[in-house]
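Reader: I should like to learn how the features of a protein model are read. May we take them one at a time, with the general idea before the case?

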Amino acid sequence: MEELMYTKKSAYEKAPEKTDAAFAFAKGYMQFLDDAKTEREAVTEAIRQAEACGYKPYTIGDKISVGDKFYLNNRGKSVYFVKVGSEAIEDGIRITAAHIDSPRIDLKQVPLYESDGMAFLKTHYYGGLRKYQWLAIPLAMHGVIVKADDTVVDVNIGEDDSDPIFYINDLLPHLASNHAKEPLATAVKGETLNILCGSAPLADEESDAIKKNVIKLLNEKYGVTESDFISAELSLVPAAKARDIGLDRALIGAYGHDDRVCAYPALRALLDLTDDAHTVMCVLADKEETGSIGVTGMQSQIFTDLMEEISLNLGANPRVVRGNSICLSADVTAAFDPNYADVYEKRNSAILGSGVAMAKYTGARGKSSTSDASAEFVGKIRNMLDRAGVVWQSAELGKVDEGGGGTVAAYIANRNIDTLDVGVPVISMHAPYEVVAKVDVYAAYEAFAAFCR
Ligand code: MN
Ligand code: MN
């Protein structure tokens, strides 16, 4: 009966011998989380790791040969790593695709003002976040400012223990009796997510003295003016490092597991690959949280251009190469949470610690917007994972008609590439501080490694 039944087992039960390796792998991942809180920082750090493994910069139009290891840096915000194998390129490219943008609070282009003893920065949140979670927590500012002379200034304030941090005010309980009765979804308005950024006035100034002081300090530190915000990308992210959660240290708490928890294992699987047969690509995409649109999103033409360049350089028909390519869309899914059991259908939910999760389809309400991998492709990947001894589970995000979500899978599948969602289960997805299990992160690494070789 054991062989006839599908039963989900925890990684600790199924592969206890891997726990130490999983805990060791988590150390590198947690360092990556701290070093790469935005897509720009993730691109920089991923390239640093790839260069250490012999990967070279590539620009569309450069020559490509068998044996090459290169990366295409797309505007510093998305990146494509490629290892060209010795097998015929017509057999297709093995692609892993994760995203490196995460929900956060972006500054508006004219953000700075003062009111009643405080200076604030106006914001427009990025991605699907529950606004109340971002109040009254320490925030750090990351990003770039492009000055009037086109020079780019990198900004990173709030990560060093000696740095100041930023903050969004919340209402005290003493005055919140009416506010507390409002629905969670609407109680905190987008226009109240203003960043507290100063309170001391500039001496001898009659009006806007606090705001002027903030501008003066920014000018002293970065050489910028107020109008330089117009050509800036500044984001507020939680000013907290990745930490072990629980006395057994088996979980990782961090900002932005979605989707660095798949990006890092997918990247490491490629960089650690010793097999030279297959051509393998690892995509780290931007803009997934806002629809994968734009020059750095997964829907950008640059992805197809790169596949065509690889094909043409190796003397193959790009359409044949694309049709024979396969992809694992490496993105997170929701882990079943017994504290909110009523939104899940447990039989089909990912269970924390039971390995990397495979989702045949995503989408919401009648499978809307899903690419829905074919049974044949699911079968192929399932067998591949089993042969490699990977701890994996089948998963769907939440109850039917409860909600749902999408990934980059559809945008790759639309290009005639078989694509399946495989990723790490997350507790409190999209919260400022999310939770994953170390054994699941390691299972994801093993899954992507098996796929690459
Ligand atoms: Mn995601
Ligand atoms: Mn997400």
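Author: Let us begin with pairing: two strands pair if DSSP finds at least two bridges between them. The model here is predicted. In it, Ile245 has Leu251 of strand 13 as its bridge partner. Strand 12 and strand 13 (residues 251–254) are paired in the antiparallel sense over 3 bridges.

Reader: What is the order of the strands in the open sheet of 3 strands?

Author: In general, strands of a sheet pair through backbone hydrogen bonds, either parallel or antiparallel. Here the order is 12-13-23, and the pairing is antiparallel. Strand 12 (243–245) and strand 23 (434–437) stand at the edges; each has a single partner strand, so one side of each is left without a neighbour in the sheet. On average, neighbouring strands of this sheet are turned by 35° against each other, direction ignored.

Reader: Which helix packs on the sheet, touching strand 12 and strand 13?

Author: That is helix 2 (residues 19–35), whose direction makes about 5° with that of strand 13. Helix 6, for its part, lies across strand 13 and strand 23 and runs at about 30° to strand 23.

Reader: How does the span of helix 6 agree with its 15 residues?

Author: The expected span of a helix is 1.5 Å times one less than its number of residues. For the 15 residues of helix 6 this gives 21 Å, and the end C-alpha atoms are 20 Å apart, which agrees. Helix 6 is also mostly covered, since 15 of its 15 residues are buried.

Reader: Where is the cis peptide bond, and what is its omega?

Author: As a rule, most residues other than glycine have a negative phi, and most peptide bonds are trans. In this model a cis peptide bond joins Asp258 and Asp259, with omega at about 10°. Asp259 has its place in helix 6 (residues 257–271).

Reader: Which residues coordinate the manganese ion (ligand 1)?

Author: In reading a metal site, one lists the donor atoms and then asks where their residues lie. The manganese ion (ligand 1) is coordinated by His99 through NE2, by Asp258 through OD and by Asp331 through OD, the last listed twice, at 2.1 to 2.6 Å. The spacing of these donor residues in sequence is H-x158-D-x72-D. His99 lies in strand 4 (residues 93–99) and Asp258 in helix 6, so the pair ties together parts that are 159 residues apart in sequence. Both His99 and Asp258 are buried.

Reader: How far apart are the manganese ion (ligand 2) and the manganese ion (ligand 1), and which residue coordinates both?

Author: They are 3.4 Å apart, and Asp258 coordinates both. The manganese ion (ligand 2) is coordinated by Asp258 (OD), by Glu289 (OE), listed twice, and by His430 (NE2), at 2.0 to 2.6 Å. In sequence its donor residues follow the spacing D-x30-E-x140-H. Glu289 and His430 link distant parts of the chain, 141 residues apart: Glu289 is in the loop between strand 14 (279–285) and helix 7 (302–313), and His430 in the loop between strand 22 (425–426) and strand 23. Both Glu289 and His430 are buried.

Reader: Where does Asp116 lie, and is Asp116 buried or exposed?

Author: Asp116 lies in the loop between strand 5 (104–115) and strand 6 (118–126). With a relative accessible area of 71%, Asp116 is exposed. Strand 5 and strand 6 form a hairpin with 2 residues between them, and Asp116 in the turn has a positive phi of about 55°. These two strands pair in the antiparallel sense over 8 bridges; Tyr113, for example, has Phe120 in strand 6 as its bridge partner. Strand 5 is also joined to strand 11 (residues 232–238) by 2 bridges, and the two run antiparallel.

Reader: What is the phi of Lys367?

Author: Lys367 has a positive phi of about 60° although it is not a glycine. Lys367 is found in the loop between strand 18 (363–364) and helix 9 (375–387), and is partly exposed, with a relative accessible area of 40%.

Reader: How many disulfides does the structure hold?

Author: A disulfide is a pair of cysteine sulfur atoms within 2.5 Å. The structure holds 0 disulfides. In the case of Cys53, the closest cysteine sulfur is that of Cys282, 12 Å away, which is too far for a bond. Cys53 is partly exposed, with a relative accessible area of 23%.

Notes. Residues are numbered from 1 along each chain as its sequence is written. Chains are lettered from A and ligands numbered from 1 in the order in which they are written. This is a predicted model: local features need pLDDT of at least 70, side-chain atom pairs count only at pLDDT 80 or more; totals for chains, interfaces and linings use all residues. Side-chain values use heavy atoms; hydrogens and water are left out. Helices (H or I, at least four residues) and strands (E, at least two) are DSSP runs, numbered from the N terminus. Buried means under 20% relative accessible area, exposed over 50%, partly exposed in between (1.4 Å probe, protein chains only). Axes are lines fitted to C-alpha atoms, for helices over the stretch in contact, and angles run from 0 to 180 degrees between N-to-C directions. Contact means heavy atoms within 4.5 Å. Donors are N, O and S atoms within 2.8 Å of the metal (3.2 Å for Na, K and Ca); water is not among the atoms, so sites may look incomplete.
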